[in-house]
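Student: I would like to go through this model with you and ask, at each step, what justifies the words we use for it.

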Amino acid sequence: MKVLGAGLTVMMTECTSLQFVSPFAFEAMQKVDVVRLASLSDPELRLLLPCLVRMALCAPADQSQSWAQDKKLILRLLSGVEAVNSIVALLSVDFHALEQDASKEQQLRHKLGGGSGESILVSQLQHGLTLEFEHSDSPRRLRLVLSELLAIMNKVSESNGEFFFKSSELFESPVYLEEAADVLCILQAELPSLLPIVDVAEALLHVRNGAWFLCLLVANVPDSFNEVCRGLIKNGERQDEESLGGRRRTDALRFLCKMNPSQALKVRGMVVEECHLPGLGVALTLDHTKNEACEDGVSDLVCFVSGLLLGTNAKVRTWFGTFIRNGQQRKRENSSSVLWQMRRQLLLELMGILPTVRSTRIAEEADVEMEPNVSVYSGLKEEHVVKASALLRLYCALMGIAGLKPTEEEAEQLLQLMTSRPPATPAGVRFVSLSFCMLLAFSTLVSTPEQEQLMVIWLSWMIKEEAYFESTSGVSASFGEMLLLVAMYFHSNQLSAIIDLVCSTLGMKIVIKPSSLSRMKTIFTQEIFTEQVVTAHAVRVPVTSNLSANITGFLPIHCIYQLLRSRSFTKHKVSIKDWIYRQLCETSTPLHPQLLPLIDVYINSILTPASKSNPEATNQPVTEQEILNVFQGVIGGDSIRLNQRFSITAQLLVLYYVLSYEEALLANTKTLAAMQRKPKSYSSSLMDQIPIKFLIRQAQGLQQELGGLHSALLRLLATNYPHLCIVDDWICEEEITGTDALLRRMLLTNNAKNHSPKQLQEAFSAVPVSYTQVMQILEHLTLLSASELIPYAEVLTSNMNQLLNSGVPRRILQTVNKLWMVLNTVMPRRLWVMTVNALQPSIKFVRQQKYTQNDLMIDPLIVLRCDQRVHRCPPLMDITLHMLNGYLLASKAYLSAHLKETAEQDRPSQNNTIGLVGQTDAPEVTREELKNALLAAQDSAAVQILLEICLPTEEEKARGVNPDSLPRNVQSVITASSPNKEMEEGEDNLLCNLREVQCLICCLLHQMYIADPNIAKLVHFQVFHLCTSVWISYLSLLHSQNLRNRYLLSSCSLTCVSSMHYRSHSVWLA
């Protein structure tokens, strides 16, 4: 302890009267600027003589004329200095012999031990080192200094990192300091391998005046500055203020950086990189901050410390946090402590941006009982807002991460800054949010009733000024939403959510005890925000305009979402439906991540009561008219892109709401029935008017911007609308939107764009006379996109009946089929209804029935009750089969939904089920079986009708058409090299149409059999004679066309052959 105390005293008093190398002189030495060196004073020049003398005497590597002139100037500078002679004498020594003796002495010390007094360099010292140095010549002086330096270096290497203070007369006598420094510089320059400059620097830390010797040594070898600094930092302590050695090392490096200030920040970077000497990093930053003289901007000290504590490097954060904690534990907290200097500088910066002008408005709002001498700060200047926010975050990091305990003065000034009132700018909004979160995180800053009253006044001001700030600053995410959200969390006792909110806003993870929020909870729930006030205020908060993921921060949607989760709206009978509807309409891409959870929790609040005691406590669903308004431009179809009031994002979100609501309603049918509640379901007419497929197609191209909305819609669609998820449709859509479609659109001319639906109708009216105009318009329409074809859908379908007349060119029929398939990708349900109604048989004096979507889902076989001529028109038959397949799938989904909706109708009452344990679910099982039987009969009927269509009619049989000879006839038609034109127009054409229809039907049947093999078994035993002939014909045609799918052909052939063999064997046995 005596050594430590003595060393501390020496450290504080040494180097005070010594002259150091100035930055001007060091820069001149670095650049070898002879002109600037010549301008130095004699005392300054004296410190640089070792290097200058060697420069003048040694042979230079630079042989240029300019250096020769500079060398002459150096000689002229040295000519009048008396100390030059002694340095020249030092350079005249045999350094080779000196190095050999030094090596022998090191070996001897290593052999005998570091404490041995034996020395080869210096022997028989009759006096002390100082007197010996005074009476010795140059060679002996070199040996004396070298022996002493080697002894210190040897002891350093053996100390294992433990610091010691070595008393040495050579380095302490003020009379011979300059001569000793000359000898030291010459020795290091002439014996660099024996005396590495980093090791010499390390040894000088253990002697008095070591920092001064080190600066002179580096000044005479300026290129070694970075090497010396890095070596000292690398060998330094992790916490420099904990030991004498750390403080001496820090002081030495500070002197070096004062000599070369341009490299100070680089040295600071080395400190952070090595995680050593944190006090040095702070000290260098303080020196730089004083020289910076920045008043309005964020100081370098704030930036540096914030970067250490808030950076991504956890090792650096822990290292600096330990420095802060250890500094507080020391009782020696005076002006010599770097931590004390840092805290003082930060406090001065904080007080520098606080105006001391008392606001009249605050005085009016303040409580009358408040003491009149309470200092109230207000009116934070706009140029100080950013700096104030940076200071708040820094103090949060210091207290929350590094464990800094603020003094009373610091706490008072921080509270004054937090409760100040910034201007209405985006930076001001950010400042208020940070201040509010800091109050929540560090409630100990408010310790007196006066301070608590000041905080309450400031919070009340936040509530009043929130709307003004949002309108003036232009920032959508204002602090009002945060206030509301915190109030909701307090009311629902979700303290962990408040802690997460505070950490997220501050941008740092700090430890906040839930118990520390108790007082703030009382203030919020009882004085500022009661639960009823929260819900009433939330509804009045304006929705966020053009809400998207680009708008960060806490928004009204976060508050509404939390209130919906806690069921506050239903509890206090506050309607939130209109607010949610407006917010859904005010959305854009990219999709905000809170929108889908908001819709889900809103739907849950509609269907599930807040409590069993009050089953009517639910929110109201969005009305059908409001839903239709969102799709107004899309439903019309005439000018989709021009008349859309709402964005595609809003339309997709409303579609998601409707589909999710219907699915949740079906899933909760039993629960709702048990509570005797039956929420309103959206009508089928509403669903028919929503262009679901068109919107899904739009969402497919925006998957990156819609997040998970597209996949969620596909899931709902596959569950509730399987007829809109037919694989063939997706494949067709890929073809329509692929590269070929892009090339076709490149051929689009103005004539194609100018054709109106009215012109198409006029062209169809002229069909019996001329087909040219309608063919031309239809060909032009194939170049349009699916959405552009929507206005032509009604004209196209209404005139399909005319295409059944004889003589209509096949090209027109194929083009109509192509256009129909394109329209099917955007408006399938509406298109199917129009097509079914258009293809009804025309019977005189009988009014045709107009079927609806619901009619066709209940009875899909209506599709096959079309005009008989469709059965021999392959392009239109293809359309009919497509619709039939879709409605069969739709009927299954419809019946399943109907079963869920009416699940409780046949459930027996409790009185009837007494003693019938285990039979309660019997009616439901029966209903399920009936549904499956109905679907099986429906599919079976469809298959039988289709098989009958494949058979020749009586008229065709009269013409000699034999169903068993169809393969040969078709094959002869395909392989004929020069068919007769008359035959094409007659019987062969009929055969080709029939065969093509059979192929189309068999493809559909094949899909149905694969989807449900039971259909094949059922139909097999019902209409075997039809099934066998048609299937043999189908397989023969596959063989004739050389299809590549061998596995399909083999499996179908085996199935048919085995079925025929089994059936024939059964008949023979009978």
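**Reasoning from the values**

Tutor: Let us begin with helix α32, in which K577, W579, I580, Y581, Q583, L584 and C585 are buried; please keep in mind throughout that this is a predicted model.

Student: What makes α32 a largely enclosed helix?

Tutor: A residue is called buried when its relative accessible area is under 20%, and 7 of the 9 residues of α32, which runs over residues 577-585, count as buried, so the helix is largely enclosed by the rest of the structure.

Student: Which helices do the buried residues of α32 pack against?

Tutor: They pack against α29 (531-540), α30 (556-565), α33 (595-607), α34 (624-630) and α36 (648-667).

Student: Why is R811 called exposed?

Tutor: The word requires a relative accessibility over 50%, and R811, at 52%, therefore counts as exposed. R811 lies in helix α49, residues 810-824, and, leaving aside its neighbours within four places in sequence, R811 is in contact with M775 and E779. R811 and M775 are 36 residues apart in sequence, while their C-alpha atoms are 8.1 Å apart in space.

Student: How do you know that the length of α52 agrees with what its residue count predicts?

Tutor: Helix α52, residues 874-901, has 28 residues, which at 1.5 Å a residue should span 40 Å, and its end C-alpha atoms are 40 Å apart, so the two values agree. As for its surroundings, α52 is mostly covered, with 20 of its 28 residues buried.

Student: What describes the packing of two helices?

Tutor: The angle between their axes and the distance between those axes describe it. For α5 (residues 49-57) and α7 (residues 83-91), the axes come within 10 Å and cross at roughly 65 degrees, and the crossing is right-handed. The contact is made by L49, P50, V53, R54 and L57 of α5, together with A83, V84, I87, V88 and L91 of α7.

Student: What makes up that contact of α5 with α7 in terms of nonpolar, polar and charged residues?

Tutor: The residues of the contact divide into 9 nonpolar, no polar and 1 charged.

Student: And how many helices and strands does the whole protein have?

Tutor: The protein has 60 helices and 0 strands, and of its 1070 residues 51% count as buried. Among contacts with a separation of 6 or more, 74% are accounted for by residues 24 or more positions apart. The protein exposes about 50,500 Å², of which carbon and sulfur atoms supply 53%.

Notes: Residues are numbered from 1 along each chain as its sequence is written. This is a predicted model: local features need pLDDT of at least 70, side-chain atom pairs count only at pLDDT 80 or more; totals for chains, interfaces and linings use all residues. Side-chain values use heavy atoms; hydrogens and water are left out. Axes are lines fitted to C-alpha atoms, for helices over the stretch in contact, and angles run from 0 to 180 degrees between N-to-C directions. Helices (H or I, at least four residues) and strands (E, at least two) are DSSP runs, numbered from the N terminus. A crossing is left-handed if the near helix is turned anticlockwise from the far one by less than a right angle, and right-handed if clockwise. Contact means heavy atoms within 4.5 Å. Ala, Val, Leu, Ile, Met, Phe, Trp, Tyr, Cys and Pro count as nonpolar, Asp, Glu, Lys and Arg as charged, and the others, Gly among them, as polar. Buried means under 20% relative accessible area, exposed over 50%, partly exposed in between (1.4 Å probe, protein chains only). Accessible areas come from the Shrake-Rupley method with a 1.4 Å probe; for residues, only the protein chains shown count as cover. The expected span of a helix is 1.5 Å times one less than its number of residues.
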